[in-house]
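Morning, everyone. Please look at the screen, and I will walk you through one protein.

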Amino acid sequence: MSTTMLRPPRHRADPRAVAWWTVQWLILMVPVAGAAVAAYWLFTERPVWLGAVAGVFAAGCLALAVVAPRASYRVERWEVTDQAVYTRKGWLTHTWRVAPMSRIQRVDTARGPVQRLFGLADVTVTTASSAGAVKIEALDHEVAAELAERLTAITQATPGDAT
């Protein structure tokens with residue numbers, strides 16, 4: 001039995017992922033920030049201190065929408081070897097997900113409408129694990145298709161029953 005050491009994953013998401021993730025965050029945060037300001041404006045006597053709180057909250061929401069995607073891009077990594085697919089995510093707590101090739105049951109690619117605008121795709125590697133699939137997000141759509149083909153070929157050639 002050979003021992004395989006996993007090094008920290010080398011690959012990042014495509015650089016266009018930052019713009020895609022920023023759009024996703026803005027779709028979420030603009031209504032939240034707007035609701036805070038609208039609630040202050042419509043449902044209060046407009047005390048200055050509460051306006052400052054609402055303003056700081058709204059600015060914080062928008063700042064988060066700009067900062068979070070950049071932070072995610074810096075920490076999220078993925079790697080594929082002949083033995084396993086693995087990812088590392090997380091700002092404060094790094095979460096590693098490892099899927100041995102012999103356990104892979106299915107490889108999928110997905111491209112949502114906004115992802116298509118940015119030329120990106122996700123690759124999802126489904127295993128028999130109760131922890132769920134390993135997802136590699138925000139790859140160039142051509143890289144994602146090549147990766148899915150490579151994973152399928154390696155999985156087909158790897159002995160095991162994927163259960």
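How much area does the protein expose, and what share of it do carbon and sulfur atoms supply? The protein exposes about 9,800 Å², and carbon and sulfur atoms supply 62% of it. Accessible areas here come from the Shrake-Rupley method with a 1.4 Å probe.

A word on the source. This is a predicted model, where local features need pLDDT of at least 70, side-chain atom pairs count only at pLDDT 80 or more, and totals for chains, interfaces and linings use all residues. Residues are numbered from 1 along each chain as its sequence is written, and side-chain values use heavy atoms, with hydrogens and water left out.

Now the layout. The protein has four helices and six strands. Helices are DSSP runs of H or I with at least four residues, and strands are runs of E with at least two. From the N terminus, the order is α-α-β-β-β-β-α-β-β-α. The radius of gyration, taken over C-alpha atoms, is 21 Å. The globule rule (2.2 Å times the number of residues to the power 0.38) gives 15 Å for 163 residues, so the protein is more spread out than a compact globule. Its C-alpha trace spans about 70 × 30 × 25 Å along the principal axes.

What about burial? Of the 163 residues, 34% count as buried, meaning under 20% relative accessible area with a 1.4 Å probe, protein chains only.

Last, one helix pair. The axes of α1 (residues 17–43) and α2 (residues 48–75) come within 9 Å and cross at roughly 170 degrees. Axes are lines fitted to C-alpha atoms over the stretch in contact, with angles from 0 to 180 degrees between N-to-C directions. That makes α1 roughly antiparallel to α2, a term for angles over 145 degrees.

Terms used: Parallel < 35°, antiparallel > 145°, perpendicular 65-115°, else oblique. Buried < 20%, exposed > 50% of the residue type's maximum accessible area, 1.4 Å probe, protein only.
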